[in-house]
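Student: I am new to this structure and would like to learn how to read its features. Can we go through them one at a time?

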Amino acid sequence: MSRDSNITKIIGEENLKKLRATKCLLIGAGGIGSELLKDLILMEFGEIHLVDLDTIDLSNLNRQFLFRQRDIKQPKSTTAVKAVQGFNNSKLVPYEGNIMDTSQFPLHWFGEFDIIFNALDNLAARRYVNKMSQFLSIPLLESGTSGFDGYMQPIIPNETECFDCTKKETPKTFPVCTIRSTPSQPIHCIVWAKNFLFAQLFAADVAVNNDSENKDWGTTDEDEIKRIKQETNELQELQDIILSGDTTLIPNIIEKIFIHDIEKLLRIENLWKTRTRPTPLNSSQITTDLIDRNLDLSALWPIQDQIQKFSSITSKLMKRMKEEDNHIEFDKDDEDTLEFVSTAANIRSQIFNIPLKSVFDIKQIAGNIIPAIATTNAIIAGLSSLVSLRVLSLLDFAKITKPTDLNMVFTAKASNISQNRYLSNPTLAKPNCNCPVCSKVVRGVMNIQSDMFKHLKLKDLIITLSEKYNFDTEELSILDTTGQRLLSDFDFDSLDEKTLEEIKVLPGSVILVTDETEDNNGMGLKPLELYIESRKIDSRKTSDIELPDIKIPFVKMTTAEEEHNESSTQETPVLQTNEVITLDMDDNDKDIKKRKLSDESSEATQNKKSKQEEDDIEIIEEDDIIELD
Amino acid sequence: MNRYDRQLRLWGSAGQDLLSKAHICIIGPENSLLQETIKNLVLVGISKFTWFKSNDAPAYSQNDLFYKDLIQDMVPLNPRGVSIIQESMFNIHEITQNNNFSISIVISETNIPEELLRELSSSELSPVIMSHTEGLYGYVYTKLFEPHWVIESRPDYEVPSLRLDSPWDELREYMDTIRFETLDEYSMAELPYVVLLYKVLQHLHSSTQIDHKMIKDTLTNWYVSDINPKGTNDLNYDEALRYAHVALPNESYKVGLQKLIDFSQQDDNDRSNQWRDNYNRQIVTLVHALSIYLDSNCGDLMVNASIPDMESSSKIFGELQQVYRNKATRDLTEFSGVVHQLDESIPNDLITSFSCNVKNIKRIEPTARPINDFLTDSKLTEPYPILSTLLKFQKHQQVERTSDNKSFFLYESYPTTSFIGGLISQEVIKLITHQYIPISNTLIYDGMHNNITSFKC
C-alpha cells in the first residue's frame, strides 16, 4: 500500500488536498525552527517558507541538528533548506532577512500564508509578527524555550487572546548614575563595560549628544551630571586613540578610565556619604605587556591578569578596527569583544569592591544567554506542529467547535516535576478587552498608488479618510505608530500641507486614526489602525487611495488617563492559578511570561517571586541600549 | 567557544562528562521514535550506543523516517564521532553481561524476549526506559533497579541557612564587635540585614518560642523605635523585614535527611558494595559519612561558604563573608576527613558539591514490580485506557474496533514522535547526570488535549 493512499485513508481525500495546498510560514531556523521544519516536512505540508536573518554559530550545533561544523557562518535559512532537500514532498522556500523589514516582507506577502509558526528569539519580532497576524487574521503558533522548559500558544485572531494580551516583562534598566558613577553589583559593571565603554570605543559612529535637557540622569546632582557629560567628551578622545591604532597609548586609556575618572568621582563627596569609596588602580599596576595569553575562561583571574588581558585584547581590537571599517559590535560569540567587556567589567568591579566574575559567567549575563537543549526544542516543536492540524481543521475526528477549545501548553518545571505536572494545558482565553494590540483598535490595509507618495498631502489623506468613514476632520488625530509620532490633530496641523513622502508615511508604515468626537453618552468611533501598502490600483478606479470597507464600531471612549489605568490592569492573569512561571524564550530572549498555575502554596509563590526578582536583575537585552544620550 | 556552551549552563562540566562517557543500550525496530531519541542523545554529546535492532518491521513505510541511514547520518552530529554498534537480538544475553550500559531504552519492541526480561529483572541492571507512540498518544515508563540519587536537584528557591540562631564562636564574636550604641544612623544603614536579624534574636533571647511575627515586630518596635529611629527607610531594614524567616531555625530538611541517613546505615549493614551505579554508591557513602559528621557536631550541618547578596557596606559584607568562608573551609575539611576514612576514592569535587547541596539531596525509590507486570498485567493498566490500548498496539494485539478514540491512534503523527523522543532523551539526561529529578515512573501523553497523566507502578 503506498503511503499516499494510507494517509488518504486516515485523514480523508479532502483533507489531504487541503494539507497539500497549505502554505506555512516558519519564522526562525534556530532551535525550535529546525525541529519544526523537520516535523512540517514529515507531515507533508504543501509549502513551507522559512525566514531567518542569522548565520550559524558553533554554539548552535548542540541542538540545531540540520547544521554541521562546516556550515558555521552560513545563513541559517538557506542551509536548513539545503539540508532537507532530499524530501521533495513539500515545496521549500528560504529567505535571508529580518521579518520586520517591510520592503522585503510587506503585509501582502504575509497574506499568502495559511498559518504562521513563530520560532523566534526576541520580543520585538514576536510582537511584530503577532500584529501582522492580527492585520490579516492568520492563525499564529507562538513558541519558546528556556533550558528544560518551554511553551506553545496558538493565537487565533479575533477569537483567542493574542501575544500582547498579557503583559510581557520588559528588561531591567538601570539609572544612568548607577552605571556611570555608583555601581554596586557585577551587572552594573558589565553594563558599563558593554553598553557604555565598548560601545563608545568601538561601535560609536556619531558624537554623543549631551545637550538634551530632558535627559533623565537618574540623579539631580548637578556636579555629577556635569561630570558624566564631561566624561563622555573625554571618551571621544579615547576613541581617537583607538582609531589611531597606536598601541603604545593603551596605558593612557587604562589610566584615564580606571584612575583619573575614579579620582574625579571621589571628589564628588555627596556620592560617598552612604557608600564605600572606590579605590582607583595604582599606576604601577598598568602594564605595557601586550602579549595575548590563553587563560582559563571559567576561572577567576587575579586583578593583574585582568589588567594585562585588558591591554592585550584592546591592542588586538585596535588592529581589527582598521580591517573592519572602524566599527566592531559587541557579540557574545566574538571572543575578543567578550574578553574586553569581561576584563573591563572586572577591573571596575575590583575598584568598587564588587566580586569579580569569570568570562564564562559574564558571557551569560552580557550575552543574555538562555540555556538551550535539543530535547526541549523537540518537545515544543512537536506540540506546535501537532496543534497546527487542529487549528487548520485537518483532523476530522478531532474537530474543534470553537477556538477556545484549543490548548496552550507550558512544560511546567519539566526539570523538577511533581506528578502530573509535566505539561499544563489551559484552554485558550478570549482576547483581553483591554489589549492595545487586538482589542482597542479596528484594523485594515490602505493601498496607495506607488507614484502618489510624493504628490499626496497629509491633508488629502485626512479628507479621503473622513469621507469614507464619516470622521469629523476637526477632531481627527493621526499617529505614525512605527515612530510613535503625532502627524496631525486638532491643534497641530503644520504637517498637513506636507506630502506623504516628506513626512515619511511610506509603504510599510502603520498609522493610527482616531476621531475624538464623543456623544453625550461618551461613545465614539473606535480608533482605526491602517497598514499602508502600495500595490497597483485597478485602473477603473478613480481614487489614488484605496481604503478597506470596514464598519467602525461605536465604543465607549476613554481618556488618556483611563487608558493608562486600563493598560496597567493588563497584568491580571488570564488563567486561574497562583504559581508564577517565568520563561525566557529560545536563544537570546529576555521577555518573560508570567502565568499562574494551581495548587502551589502561597509561600512557594512568594519564594519564587523573590527568586524572580533576583533573576530580573540579571537580564539585559541584547540590543537594548541603556539610555546614555 | 564551546559546542555545548548552552547546555553546560544547565548541568555543568561534571554533567557533560558523565554524558560523554555514557554507553546506551537501545532495543527496538528502526522507527521514527527510535531515530528521534538517538538523534537527541547524540546532539547532547552521547557517542556510544549498542543497538539491538529487531526485524520487527514497522507497519508503515520507510517514508516516515527522517534519516535514511541512521548510523551514518549521526556521525556529523558529534565532532568526537558516534559509534552505534548494531547487534542481533540473539546475542543479547552475552552482550549485556559484558557491557556496563548506563541505561537501556526499549522502543516500540513487540516481542521482548524472555532472556531480556530475565536480564532486566536481575538486580544489577541499569535503569530501563520503555516507550511507544501510536497516533496522538504515547507512554514513557522508567524502571529503576536501585534507588537513584540526585545531589543537584536544583530547587527553584532555597532559604539560606546562616545559623543566626545557633552561631559558632567566630560568628558570635564577630557579631558582638558590632555594637549599635557606637554607631550613627549612617553606619547603621550600612549593616547587612543578617546583623539586624542576629541582634533581634539576641534581644529576644529570653523568649522561649520565637516566630516570624515576633521578629518583624521586634524590628519595628525595638530596632526602629529604640535604636535607630531614622532607619525606617533604610534598605537593610526593608531586607530584614523581607527575609525575617532567615533568622528562624529551618529544620524542614531534617526529616528527609534522617530518612536518607537511616537508609545509608541500613545499606551499610545489608549490601555494601552492591551498588551498580558508582555515582549512587558514592553518594550513599557520603550520606553515611554525614551521619558520622553530624554526631560529632551536635547535629549541625556543614556551613555554606556563600552568603546571599545583601545591602551592606562592602567592608562589613566582606568581613562577614570571610567568617562564613572560614567556617565552611573548616567544616569541609573535617567532613572530607570523615569521607576519606570510609572511602579514599571519592573525589573532592563530589564532596564539595554534596556539602553545598546537602539539604536538597533526593533519593528516587525504585518500584518493586517487575517490568513484566507492566507489560502483561492488564489489571495494572486498566485504570488508564490509553496506556492499555498503546500496549496492545505495541504488542500487535487486536484492538477493539468499538474503541471510541481509535482513529486518534491511527493517525500517523510525527509531532507526537518528536514530543515523546524529546521526553525520553530528557529523562536519560537526568538519570545519567544525576541532576534534576526524573519522572517516577510512568507517564502517558494525550496529544489530543496535550494532557499528561503520570503514576507509579
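Student: Which residue in β13(A) does Gly444(A) stand opposite?

Tutor: Keep in mind that this is a predicted model. Strands of a sheet pair through backbone hydrogen bonds, either parallel or antiparallel. Here Gly444(A) stands opposite Leu530(A) in β13(A). Strand β8 (residues 442-448) of chain A and strand β13 (residues 528-533) of chain A run parallel, and 6 bridges pair them.

Student: What is the strand order of the open sheet of 6 strands in chain A?

Tutor: The order is β10-β9-β11-β13-β8-β14 (chain A), and the pairing is mixed. At the edges are β10 (485-488) and β14 (545-546) of chain A, each of which pairs on one side only. Helix α15 (residues 458-469) of chain A packs on this sheet and touches β9 (476-480), β10, β11 (510-515), β13 and β14 of chain A. The direction of α15 makes about 80° with that of β10(A).

Student: Now chain B. In which sense do β9(B) and β10(B) run, parallel or antiparallel?

Tutor: They run antiparallel, joined by 5 bridges. Strand β6 (residues 137-143) of chain B is also antiparallel to β9(B), again with 5 bridges. Leu443(B) shows both pairings: Val140(B) has Leu443(B) as its bridge partner, and Leu443(B) stands opposite Ser454(B) in β10(B).

Student: Why is β9(B) described as largely enclosed by the rest of the structure?

Tutor: The description follows because 4 of its 5 residues are buried. A residue is called buried if 20 or more other C-beta atoms lie within 10 Å of its own.

Student: What is the phi of Asn450(B), and where does this residue lie?

Tutor: Asn450(B) has a positive phi of about 50° although it is not a glycine. Asn450(B) lies in the loop between β9 and β10 (451-455) of chain B; the hairpin of these strands has 4 residues between them. Asn450(B) counts as buried because it has 24 C-beta neighbours inside 10 Å.

Student: How does Glu44(A) count, buried or partly exposed?

Tutor: Glu44(A) is partly exposed, because 19 other C-beta atoms lie within 10 Å. Its phi is positive, about 65°, although Glu44(A) is not a glycine. Glu44(A) is placed in the loop between α3 (31-42) and β2 (47-52) of chain A.

Student: Which peptide bond from Ser440(B) should I look at, and is it cis or trans?

Tutor: Look at the bond from Ser440(B) to Asn441(B): it is cis, with omega near -10°. Asn441(B) is in the loop between α19 (414-433) and β9 (442-446) of chain B.

Student: How do I read a helix such as α17(B), and which of its residues are buried?

Tutor: An α-helix has 3.6 residues a turn, so residues three or four places apart point the same way. In helix α17 (residues 385-394) of chain B, 7 of the 10 residues are buried, so the helix is largely enclosed by the rest of the structure. The buried residues include Ile386(B), Leu390(B) and Phe393(B). After α17(B) comes His396(B), with a positive phi near 55°.

Student: How many residues does each chain give to the contact?

Tutor: Chain B gives 58 residues and chain A gives 57 residues. On the side of chain B that touches chain A, the largest share, 11 residues, comes from α19(B). The residues of that side divide into 27 nonpolar, 21 polar and 10 charged.

Student: Which domains does the assignment give for chain B?

Tutor: The assignment gives domain 1 (5-145 + 366-455), domain 2 (169-247) and domain 3 (252-364). The C-alpha centres of domain 1 and domain 2 of chain B lie 56 Å apart.

Conventions
Residues numbered from 1 in each chain as written. Chains lettered and ligands numbered in written order. Predicted model: local features only at pLDDT ≥ 70, side-chain atom pairs only at ≥ 80, totals over all residues. Helix = DSSP H or I, 4+ residues; strand = E, 2+ residues; numbered from the N terminus. Buried ≥ 20, exposed ≤ 12 C-beta atoms within 10 Å, placed from the backbone. Domains from an automatic or database assignment. Contact = placed C-beta atoms within 7 Å. Nonpolar A, V, L, I, M, F, W, Y, C, P; charged D, E, K, R; others polar. Pairing = 2+ DSSP bridges. Axes fitted to C-alpha atoms, helices over the stretch in contact; angles between N-to-C directions.
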